[in-house]
Structure formats: C-alpha cells, structure tokens
Amino acid sequence: MRFAYPGGVEVYPEPGLTLTLGSGVTALVGENGAGKTTLTKLLIGLLRPSAGSVTVAGLEVAKITVAAMARTVGYSFQNPDDQLFERTVQAEVSFGPRVLRRSAEGIERGVAWALRACGLEGKEDVHPHDLGLSERKWVAIASALAGEPAVVVLDEPTLGQDYPSRERLRSLVRELDDRGRSVLVVTHDMDFVGEACPTAVVLSHGRVRYSGPTSKAFADHSVIQEAGLEPPHVDSLARMLGLSECVSEADFLSAWRR
Amino acid sequence: MALSSTSLVFENVSYAYEEAAREAVSDISLSIAVGEWVGVTGPTNAGKSTLCLLAMGLAPHFFGGRLKGRVVVLEKDSRELSVIQRSAEVGLLFQNPFTQISGARERVDDEVGFGPECHGVSRLEVAARVEEAMALVGISQLAARHPMDLSGGQLQRLALAGLLAMRPKLLLLDEPTSQLDPAGTAAIFDVLAGLHASGITIVMVEHRLETLCELCPRVVAMVAGRIIADGPPDDVFNREAVQLRVGSPVFTRLAREAGLSPPWPVRLRDATAVFGRRLA
Amino acid sequence: MAGGLSLYAEGKSLLHRAHPLTKGALTLSAIAIAFIAPSIGWVLGIGVILLVLVTAAGVLRRLLAVAAAILLPITLLLLAVQGFANANNRTVAFALGPIVYYREGLAIAALAALRIACLVCATFLFSFTTRPADISEALMQRGLSTRMGYVVQSALQIIPQTLDMAGRIQDAQRARGLETEGSLPRRARAYLPLMLPLVLSSLVATQERAMALEVRGFGLPVKRVARFEFADSPLQRVLRWVLIGAVPAAIAARLAGWR
C-alpha cells in the first residue's frame with residue numbers, strides 16, 4: 001500500500017508490506033507527522049492510495065463512496081466541533097444512522113447504547129454546544145458508534161480527558177472488543193495504549209516500524225526513539241525492577257505477586 | 001525582586017461567568033511566589049482554565065460575569081491593569097493553539113515576532129528574540145512556512161514561541177503539550193525546566209498526573225471550582241479525597257494495589273526505591 | 001510555503017522589486033483609465049502595456065491560465081447579449097435566417113470585454129508580484145492604523161483559513177455518512193451540517209483570537225516599528241504621482257471632449 005498527498009507528502013509503508021489490522025483493539029502510534037491520520041483517512045476513503053489498495057472488512061475502499069463506507073467504519077475525529085451541528089445530543093448522535101437509513105429500531109438501539117457507553121444518559125436534550133469540550137468529545141464518539149459499525153476509528157480520544165473519562169474510554173474499548181468490533185485508536189497516550197490496546201502498530205516517517213503485541217512494542221529502543229515514543233509508566237517501573245513485559249497495571253501486579 | 005515576593009495571589013476569589021448558574025471558581029485563595037512551578041489539575045469543570053483566565057485578566061474583562069475577592073498579579077491588583085498592559089510580563093498559552101496565532105502573518109518567524117512588535121520592540125531585538133524562541137521550542141526549520149500549514153503539534157510549539165519572544169515573568173500554560181507526541185512533550189518540558197531554572201514563574205494546567213509529579217514541586221488540585229489540596233505532589237496525592245476525586249499517578253495506584261504501606265510514591269524514582277526495598 | 005495560501009509567486013523582476021505603493025498606483029490607475037478612455041484603441045493600448053509588464057514579471061503563463069477561466073465566459077456572454085439585443089443596434093453585421101447580429105452591439109461588447117480584461121490583468125499582475133504582508137505593511141508605514149492594518153492582513157488570509165476549516169468539516173460529515181456530492185437536493189441536504197459547524201467554529205475562533213491578540217499586546221499605544229524597509233527611489237515617487245495624476249487628467253480630458 002502506498003499513498004501520496006496531493007501536496008507531495010508521501011506515506012509509504014515498506015515496499016511489499018501488507019499492513020493487516022485484525023479484529024480486536026489496535027493502537028496506532030508514532031511521532032507527529034508520522035502518517036497516522038493519513039492511514040486512518042485511507043481506511044474510510046477520505047484519501048485515496050496512489051498505489052496499492054485498501055480493503056476494510058472485505059470492501060475495497062476505492063470502489064465505494066466515503067458516505068457508504070460510513071456504514072462499516074465509525075470515525076471519531078480529533079476535534080468534535082468540526083461535526084456538531086444539531087440542537088440536541090440525541091439528534092446529533094442519531095444523525096449518522098439516520099442518513100445511513102438504518103431501520104427505526106436499529107437507530108433506537110444503536111443510539112441508546114452509544115449514549116450509555118459514552119456517559120451521556122440524562123443529557124439527551126442538552127444542546128451540544130452547552131457542554132464542555134470533554135463532553136462534546138464524548139458526543140462525537142457516541143456519534144461514531146451509534147450506527148453500530150464493524151470498525152471504529154478513534155482519533156486522539158484521550159486528549160484533554162480527565163481520569164474518570166479515561167477510565168470510561170477503557171471500558172468502552174473493552175466493550176467494543178467484546179461485541180466483536182475492530183477498534184483502531186490513534187493516540188500519543190502510551191499509558192492508555194498499554195492498558196487498553198493489546199496490539200500496536202508503530203508508524204514512523206510514513207513507514208510501519210512495528211506491528212504486533214503491545215507488550216513487545218516498547219522493547220526495541222531504536223524504534224521507540226525514532227517514532228518519538230516513550231514506554232508506558234508501568235513499563236518503565238517494571239524495567240527498573242527487572243520485571244519484563246509489563247505494559248498495563250494488571251500485568252505489573254500479577255508479575256509483582258509472583 | 002526579593003525572593004519572598006509574590007508572582008500571583010488569589011484572595012478569596014469567586015467568579016461566575018455571565019448567565020452561569022453556578023460559580024466557575026469559589027472562594028479560591030492561593031499565593032504563588034516568584035520562581036515557583038505550580039501544576040494545576042482536576043477533573044473536567046474544576047475551574048482550571050478559569051483560574052488562568054482570571055490571572056491573565058481575560059475574565060471578567062472579556063466574559064463579563066461577577067468577580068469577588070482580589071487577584072494580584074506581579075504585585076499589582078488585576079483591576080488596575082488591562083490585559084494588554086499586563087501582556088509584557090504575563091503570558092497565557094491557550095488550550096487551542098490554532099486560535100492563538102494572529103491570523104495576520106504569512107511566515108512562522110513573522111508570527112513569533114508579532115507580540116514583541118506590538119510592544120514596540122526594535123527590529124534588531126525582535127529578530128534576535130524570534131530566533132532564540134524558535135530555537136528553544138525546536139521550530140527553527142519551519143521559519144519560512146505558513147502558520148496555517150502546520151500540524152497541531154507544530155502550532156502548539158509556535159504558540160509557545162510567540163509567548164516566549166515576549167520574555168514574560170509569569171507563564172500561564174493550559175495543557176501546553178496536549179497535541180505533541182511523547183518526544184515532543186519531553187522536549188517542551190525540558191524548555192520549561194530551563195525557564196524555571198532561570199527564575200520564571202510557571203503555572204501549568206496538566207491532566208497527566210505522572211508528568212505533573214515529575215516536574216512540579218507544588219501541585220494544586222481543584223474540584224468543582226474549589227481547591228481541595230495544595231502542596232508537594234507526595235502530600236497531595238496521598239490524600240484520600242484527591243485519590244477519589246482527581247485520581248492518582250500510576251505509581252501511587254500500583255503501590256496501593258500491591259499492598260505497600262502509605263505514604264505511596266508519586267514518581268518513578270521513588271516508586272523504584274519503594275518497590276526495590278520490598279524486593280530486596 | 002505561501003503557495004497554496006496566496007497568489008504571490010516568488011520572483012526577481014523589476015515589478016517584484018518595485019515599492020508596493022508604486023504597484024498599487026499602477027494597478028488602480030490602469031483600471032481607472034481603461035474605464036475612462038473613450039475608444040477601443042486607447043483601452044487596447046493599456047492592455048498591451050499591462051501584457052508587456054506581465055511578461056516582464058515572468059507570470060504570463062499563470063495569468064493566462066486564470067484570466068482565460070474568468071474572461072472567456074464573460075466575453076462570450078457580452079458578445080451575444082450586446083450583438084443581438086443592444087438598444088442602439090442599427091447596422092447589420094451578419095444574419096442567420098431570422099437571427100440578426102449588429103455592429104453597434106459588437107463594438108460595445110468588445111470595448112466592455114477589453115476593459116474587464118484590463119481590470120483582471122492589472123489585479124492579477126499586482127497579486128502575483130506583491131506579498132500580501134507587504135501591502136498592509138506599506139500602508140501602515142504611510143499612517144494606516146495598526147488595527148486597520150491587522151484587518152487588511154487578516155482579511156487577506158481569511159479565505160484560505162475558512163477553506164481549510166470547511167475541508168475538515170466536510171471530511172467529518174462525509175465520514176458520518178453524509179453525501180456531499182451528487183444531485184442538487186442531495187447537496188442542499190448537506191448544507192446545514194456543513195454550514196453550522198463552520199459558522200459556530202468561526203465565531204468561537206474569532207472570540208478566542210480576540211483574547212489571544214490582547215495577550216500578545218496587540219493594541220498597545222506604542223510607536224510602531226517598521227518591520228522592514230521597502231526599496232524606494234525618486235523615480236518611483238515621481239512615477240506614483242504621474243500614475244495617480246493621470247486619472248483626474250483622463251477625466252478632465254473626457255469632459256473636454258476626448259473621443
């Protein structure tokens with residue numbers, strides 16, 4: 001797969017490399033400008049590859065309009081204010097499934113679930129712009145989930161979120177996984193990667209530098225350095241104590257108890 | 001200035017935005033000495049950003065609303081000085097770097113020089129400050145680019161450079177690295193450490209508690225407009241109220257879960273020592 | 001990279017180096033006289049002078065590309081409307097069955113089209129060879145207030161900024177399943193979801209920017225320091241007065257019976 005922006009910035013995974021994102025929860029990490037957003041835009045067809053092809057859930061992206069891809073991929077953008085326009089949270093969250101012409105009961109089920117999973121119950125009738133930035137972000141995430149898409153892309157979901165909000169994100173991602181969805185999380189938050197994402201893809205200068213279990217993603221120091229990453233705090237502590245491959249708090253505690 | 005002089009003082013400050021049902025901050029008292037580096041944290045709607053706006057004088061100036069109590073910035077009552085007058089000595093970095101750029105300049109270096117130019121700084125001096133500020137935050141290679149062409153992370157560095165070029169004595173930073181990758185974040189915090197060492201006062205809003213504990217000798221924890229704890233990070237995050245309502249750094253949580261006895265560590269260094277002792 | 005965001009093209013020609021006010025005087029004077037001059041011959045003369053300058057500035061190709069897109073449809077429309085339907089039409093130029101084309105209309109259309117061509121040429125000549133920042137800087141050095149200078153500067157940038165924001169909003173809404181291309185009703189349905197976030201975001205951005213400007217000391221009553229000097233010369237100063245003076249002279253000549 002190869003892709004070039006019209007302006008010329010090229011994102012080129014290593015020649016011949018096929019990046020396969022399986023089901024489950026995958027973190028997409030890398031330095032500013034590594035090509036993370038480009039990759040996610042390719043997934044939904046907002047950008048077209050200049051060579052190679054992108055296939056999502058069996059659909060060749062190039063052959064389908066972006067709006068039609070939205071049936072399969074729920075995409076939550078970094079800045080919620082780029083999309084919010086309805087007068088109530090309820091209307092905003094149900095906008096996607098409505099334009100996708102889902103059935104009435106499908107819409108109701110999806111919206112109710114999304115509102116609950118995003119902690120927006122009781123706020124259905126509030127004007128989205130009367131909410132704080134963090135809650136507006138949750139409205140945007142709920143909007144991406146309400147159509148019950150098979151693939152969910154979350155761009156920087158933890159940005160500006162406080163601790164309870166991050167905990168909610170963790171459980172949301174777990175629930176999506178339990179429901180058999182594929183989740184791709186673009187983030188700079190390595191603690192969140194360690195806690196919530198079993199697999200990780202490390203991108204640097206447009207190339208895939210690592211793709212595999214998160215527990216091993218921070219082992220190669222040169223990759224970490226090139227991609228501007230830092231290991232999760234738990235990992236740093238575990239290393240100092242001579243414990244290995246602890247990227248989540250649960251990993252650490254079980255290793256500690258042993 | 002004597003060491004004991006203050007940089008920022010809040011005396012029983014309460015403030016409500018216009019038409020807001022409740023106060024954004026309630027009865028806040030806080031005294032920050034010259035040269036301190038204070039981290040401010042707390043959940044959403046704690047009043048952290050409002051604290052910055054009040055210190056800069058943007059609230060109530062821009063937002064209207066009711067202000068009770070006294071805000072004293074660099075030993076002057078905030079009511080006596082306009083935001084513009086204060087801008088020579090106090091800098092505020094907004095959460096959103098996009099709106100911090102002037103929107104009137106076509107090159108990154110010209111953008112950095114915007115503030116000093118507004119203050120009538122001589123052309124030579126502006127050029128020197130621009131070069132220095134760009135080098136500090138690591139954007140020298142972007143000098144000829146158009147500000148609108150930059151990514152979020154680059155914009156955040158640009159916004160900070162624009163403030164540093166003003167040579168402020170007090171820096172108010174609202175999540176200064178939210179858009180940056182971990183390496184970029186570390187680089188900016190190095191810059192802040194350097195500024196702190198040179199005697200500049202820094203008040204920084206930050207959600208990442210581990211970072212906060214690592215960097216700031218003093219932490220202010222806010223919840224729903226009130227300060228619930230204020231002190232060294234070890235004290236603040238060993239309080240139950242803070243752990244419950246603000247959260248804890250990873251190391252504190254791990255020590256608690258592992259059944260170690262309090263006080264729990266808040267930094268990597270201390271956690272290594274505490275856990276290491278148990279291992280030995 | 002100013003490429004995508006302004007029309008200015010880097011160059012070293014005489015025109016690139018000329019004082020912005022000289023170029024401004026040239027542009028305004030050429031446009032004014034093209035509309036004051038009474039006959040095709042005069043207007044054509046101005047057009048030729050402009051084309052020579054465009055060629056000398058090395059921006060002929062770029063000019064032709066944009067000018068063709070603007071001028072072709074306008075010219076065709078003028079030729080058709082005036083030639084067939086002008087009230088002064090008397091002399092038949094040619095006839096296709098019942099449809100008659102008149103000479104008077106043709107002459108009027110040609111003059112109007114040439115005047116518009118001069119306008120387009122002069123405007124782009126200025127935009128291609130002058131940095132937007134130089135315009136406001138030059139005006140501020142001549143006493144334009146800092147605030148007005150900022151308005152000029154930011155106005156020159158507001159279009160690319162808004163387009164940028166609109167692009168992001170469009171991406172976000174398409175990714176939610178909104179079809180933004182295709183039939184007219186479809187595009188009409190996409191109007192609100194695209195416009196509302198744009199308006200709201202612009203309002204919020206404007207307010208925040210107003211605060212950010214104060215934080216940087218914008219509006220302090222200090223004596224403004226020039227950001228850079230423009231090369232100027234006695235010749236250019238004289239030229240500016242000549243160019244500006246030519247406009248009232250042309251008006252006077254017209255009133256005195258210049259045909």
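Which helix of chain B holds Pro60(B)? In this predicted model, Pro60(B) lies in helix α2 of chain B, which covers residues 58-61. The peptide bond that leads into this proline, from Ala59(B), is cis, with omega near 0°. A cis bond also joins Pro262(B) and Pro263(B), where omega is about 0°. Here the setting is a loop: Pro263(B) sits between α12 (250-257) and α13 (268-279) of chain B. Most residues other than glycine have a negative phi, and most peptide bonds are trans. Asn12(B) departs from the phi rule. Its phi is positive, about 45°, although Asn12(B) is not a glycine. Asn12(B) belongs to strand β1 of chain B.

Strand β1(B) leads to an open sheet. Four strands of chain B build this sheet, in the order β2-β1-β4-β5, and their pairing is antiparallel. The edges are β2 (25-33) and β5 (76-77) of chain B; each has a single partner strand, so one side of each lacks a neighbour in the sheet. Strand β1 of chain B spans residues 6-16 and pairs with β2(B) over 6 bridges, in the antiparallel sense. One of the bridge partnerships sets Leu8(B) against Ile32(B) in β2(B). Helix α1 of chain B (residues 48-56) packs on this sheet and touches β1, β2 and β4 (66-73) of chain B. The direction of α1(B) makes about 115° with that of β1(B).

Chain B also has an open sheet of 6 strands. Its order is β6-β7-β8-β3-β9-β10, and the pairing is mixed. Strands β6 (90-93) and β10 (226-231) of chain B form the edges, each pairing on one side only. From one strand to the next, the twist averages 15°. Strand β6(B) runs parallel to β7 (residues 170-174) of chain B, and 4 bridges join the two. Within this pair, Val90(B) has Leu170(B) of β7(B) as its bridge partner. Helix α1(B) packs on this sheet as well, touching β3 (37-41), β6, β7, β8 (201-205) and β9 (218-223) of chain B. Its direction makes about 150° with that of β6(B).

In chain A, a helix pair was examined. Two packed helices are described by the angle between their axes and the distance between the axes. Helix α4 (residues 104-117) and helix α6 (residues 163-178) of chain A pack at about 145°, with axes 10 Å apart. From α4(A), the contact draws on Trp113(A), Arg116(A) and Ala117(A). These residues meet Arg168(A), Leu172(A), Glu175(A) and Leu176(A) of α6(A). By class, the contact of α4(A) with α6(A) has 4 nonpolar and 3 charged residues, and no polar ones.

Chain C contacts both other chains. Against chain B, 34 residues of chain C meet 42 residues of chain B. The area buried between these two chains is about 3500 Å², and carbon and sulfur atoms give 58% of it. Val215(C), Arg216(C) and Arg227(C) supply 24% of the area that chain C buries here, more than any other three residues. Two salt bridges cross the interface of chain C and chain B. One joins Glu229(C) to Arg123(B), with the closest N and O atoms 2.8 Å apart. There are also 10 residue pairs in polar contact across this interface. Helices α6 (132-141), α7 and α9 of chain C each give at least two residues to the side that touches chain B. Of these, α9(C) gives the most, with 10 residues. This side of chain C has 18 nonpolar, 7 polar and 9 charged residues.

Against chain A, 18 residues of chain C are in contact with 24 residues of chain A. Together the two chains bury about 1700 Å², 59% of it on carbon and sulfur atoms. Arg174(C), Ala175(C) and Arg176(C) supply 37% of the area that chain C buries against chain A, more than any other three residues. The interface of chain C and chain A has 3 salt bridges. One of them links the side chains of Asp171(C) and Lys41(A), at 3.6 Å from N to O. Polar contacts across this interface involve 6 residue pairs. Helices α7 (146-174) and α9 (191-215) of chain C each supply at least two residues of the side that touches chain A. By class, that side has 9 nonpolar, 3 polar and 6 charged residues.

Note on methods:
Residues are numbered from 1 along each chain as its sequence is written. Chains are lettered from A and ligands numbered from 1 in the order in which they are written. This is a predicted model: local features need pLDDT of at least 70, side-chain atom pairs count only at pLDDT 80 or more; totals for chains, interfaces and linings use all residues. Side-chain values use heavy atoms; hydrogens and water are left out. Contact means heavy atoms within 4.5 Å. Buried area is the accessible area (1.4 Å probe) that two parts lose on being put together, summed over both. A salt bridge is a side-chain nitrogen of Lys or Arg within 4 Å of a carboxyl oxygen of Asp or Glu. A polar contact is a pair of N or O atoms within 3.5 Å; within protein, one must be able to donate a hydrogen and the other to accept it, and residues adjacent in sequence count only if both atoms are side-chain atoms. Ala, Val, Leu, Ile, Met, Phe, Trp, Tyr, Cys and Pro count as nonpolar, Asp, Glu, Lys and Arg as charged, and the others, Gly among them, as polar. Axes are lines fitted to C-alpha atoms, for helices over the stretch in contact, and angles run from 0 to 180 degrees between N-to-C directions. Two strands pair if DSSP finds at least two bridges between them.
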